[in-house]
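This report describes the strand arrangement, the packing and the metal site of a single chain. The structure is shown below, and the account follows it element by element.

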Amino acid sequence: MRRALALAEKGLFTTTPNPRVGCVITSGESVVGEGWHEKAGGPHAEAVALKAAGDSARGASVYVNLEPCSHYGRTPPCAGALINAKVARVVAALRDPNPQAARGGDALAAAGIGFEHGLLEAQARELNLGFLSRVQRGRPWVRLKIAATLDGRSALANGASQWITGPEARRDGHRWRARACALLTGIGTVAADDPRLTVREVDTPRQPLRVIVDSRLEIPHAAQVLQGPKVLIFAARAAPAPQNAEVVVLPNAHGKVELPRMLEELARRGVNELHVEAGFRLNGSLVREGCVDEFLVYLNPSFLGDGAQGMLELPPVGALEERLKLKLLSLDRLGDDLRILARPA
Ligand SMILES: [Zn+2]
């Protein structure tokens with residue numbers, strides 16, 4: 001199963017909106033076939049592994065990090081292919097949460113094939129947390145990236161934030177961008193930094209969808225983000241869309257974008273993981289409205305002082321116990337910077 005998970009990870013940048021899946025077929029002590037899912041419309045991991053195994057699949061054990069599908073999607077169901085190949089046993093890490101694809105395991109069991117699940121389930125869940133979030137909660141997994149100084153300052157008072165961290169941290173940030181289905185920023189960051197919002201520092205065959213929150217549709221027509229593939233803009237009022245952009249109007253009662261509904265709309269469009277790089281105002285709104293699942297924070301050993309912008313615009317808390325607490329997942333050093341991964345406790 002560890003090998004199946006490693007194979008699945010080869011699809012980290014490409015399988016969207018599908019899950020990352022790897023499959024290993026063993027006979028006795030030998031691996032007789034393996035495969036992974038590369039992209040939507042392409043063969044599923046089980047199909048690739050079965051093809052590699054050929055006749056050796058008969059009587060074999062199959063390890064796959066997600067329950068084999070049982071429905072006709074863009075490809076025939078894998079449960080049927082495993083039954084036809086007469087494998088003896090299928091071990092899945094996770095059951096499939098997708099109601100249309102689910103119950104491949106039941107189909108296998110009904111055909112007399114041993115079906116088990118739960119092996120390395122926690123690791124399998126981590127690898128596909130975006131897919132699981134979209135299918136089970138109807139919203140993407142939202143990862144908020146912040147680069148800041150040790151005193152928690154993420155930009156100058158004028159909003160300029162390029163560059164607080166060093167090259168290693170920036171490259172690492174692009175790797176997190178590359179695995180996301182969509183990148184989101186706000187009009188404040190577009191105005192201050194004019195970002196392209198693309199993956200540049202790592203090799204990827206796919207660029208994530210670019211999304212901008214721009215309540216009053218103030219984006220300048222010359223903004224770099226409007227170059228290249230079409231951009232999705234969420235606004236709070238209707239206005240003509242800029243060149244190369246699609247505008248979705250989702251106002252809330254305060255004349256801002258209704259952020260939870262924006263997440264639902266992104267999930268509807270197949271976004272599993274949403275990577276946010278925005279300024280302290282949009283960051284704060286996302287956190288206040290319960291839209292953030294994970295914080296990816298890079299800390300540079302420097303200070304900007306109290307005149308600079310913070311990480312999150314949050315209302316003051318009356319008592320220390322009321323502060324927003326996080327659970328630390330990891331802490332790593334990248335060049336001169338620290339990387340913290342944390343989730344709301
Ligand atoms: Zn399948």
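## Sheets, cores and a zinc site

Leucine 299 stands opposite leucine 338 in strand E14. The model in which this pairing appears is a predicted one. The two strands concerned, E12 (residues 294–300) and E14 (residues 337–344), run antiparallel and are joined by five bridges. They belong to an open sheet of nine strands with mixed pairing, in the order E10-E9-E8-E7-E11-E6-E12-E14-E13. At its edges stand strand E10 (245–249) and strand E13 (326–334); each has a single partner strand, so one side of each is left without a neighbour in the sheet. From one strand to the next, the twist averages 20°.

Helices lie across this sheet. Helix H6 (residues 129–137) crosses strand E6 (141–149), strand E11 (273–276) and E14, and its direction is at about 130° to E6. Helix H9 (residues 259–268) lies across E6, strand E7 (182–186), strand E8 (209–213), strand E9 (231–235) and E11, running at about 150° to E9. Glutamate 265 is located in helix H9. With a relative accessibility of 14%, glutamate 265 counts as buried, because the limit for that class is under 20%. Its side chain and that of arginine 268 are joined by a polar contact of 2.8 Å.

The loop between E12 and E13 contains glutamate 322. The side chain of glutamate 322 reaches the backbone nitrogen of glycine 318 at 3.3 Å. Glutamate 322 and aspartate 172 are 150 residues apart along the chain, and their C-alpha atoms are separated by 32 Å.

**The five-stranded sheet**

A further open sheet has five strands in the order E2-E1-E3-E4-E5, again with mixed pairing. E2 and strand E5 (114–117) occupy the edges with a single partner strand each, so one side of each is left without a neighbour in the sheet. Here the twist averages 15° from one strand to the next. Helix H2 packs on the sheet, where H2 touches E1, E2 and E3, and its direction makes about 140° with that of E2.

Strand E1 pairs with two strands of this sheet. Six bridges join E1 to E2 in an antiparallel arrangement, and four bridges join E1 to E3, also antiparallel. E1 and E2 form a hairpin with two residues between them, and glycine 28 in the turn has a positive phi of about 60°. Five of the six residues of E1 are buried, so this strand is largely enclosed by the rest of the structure. The table lists residue pairs that stand opposite each other in these strands.

| Residue | Opposite residue | Strand of opposite residue |
|---|---|---|
| Glycine 22 | Tryptophan 36 | E2 |
| Threonine 26 | Valine 31 | E2 |
| Threonine 26 | Serine 61 | E3 |

Threonine 26 thus appears with a partner in E2 and with a partner in E3.

**Nonpolar cores**

The largest nonpolar core has 40 residues, and those with the most contacts inside it are Ile25, Val87 and Val90. At least two residues of this core come from each of helix H1 (2–8), strand E1 (22–27), helix H2 (45–53), strand E3 (61–66), helix H3 (78–84), strand E4 (89–94), helix H5 (121–127) and H6. The most is given by E4, with five residues. Another core, of 30 residues, lies apart from this one and includes Val142, Val213, Ala278 and Phe295.

Which residues does isoleucine 25 touch, not counting residues up to four places away in sequence? They are Ser30, Val31, Val32, Gly33, Ala49, Leu50, Ala53, Ala60, Ser61 and Val62.

**The zinc site**

His44 (ND1), Cys69 (SG) and Cys78 (SG) coordinate the zinc ion at 2.0 to 2.3 Å. Along the chain, these donors follow the spacing H-x24-C-x8-C. Distant parts of the chain are linked in this way: histidine 44 is in the loop between strand E2 (30–36) and H2, whereas cysteine 78 is in helix H3, 34 residues apart. Cysteine 78 has a relative accessible area of 4% and is buried.

How values were computed. Residues are numbered from 1 along each chain as its sequence is written. This is a predicted model: local features need pLDDT of at least 70, side-chain atom pairs count only at pLDDT 80 or more; totals for chains, interfaces and linings use all residues. Side-chain values use heavy atoms; hydrogens and water are left out. Two strands pair if DSSP finds at least two bridges between them. Axes are lines fitted to C-alpha atoms, for helices over the stretch in contact, and angles run from 0 to 180 degrees between N-to-C directions. Contact means heavy atoms within 4.5 Å. A nonpolar core is a set of buried Ala, Val, Leu, Ile, Met, Phe, Trp, Tyr and Cys residues joined through side-chain atoms within 4.5 Å. Buried means under 20% relative accessible area, exposed over 50%, partly exposed in between (1.4 Å probe, protein chains only). Donors are N, O and S atoms within 2.8 Å of the metal (3.2 Å for Na, K and Ca); water is not among the atoms, so sites may look incomplete. A polar contact is a pair of N or O atoms within 3.5 Å; within protein, one must be able to donate a hydrogen and the other to accept it, and residues adjacent in sequence count only if both atoms are side-chain atoms.
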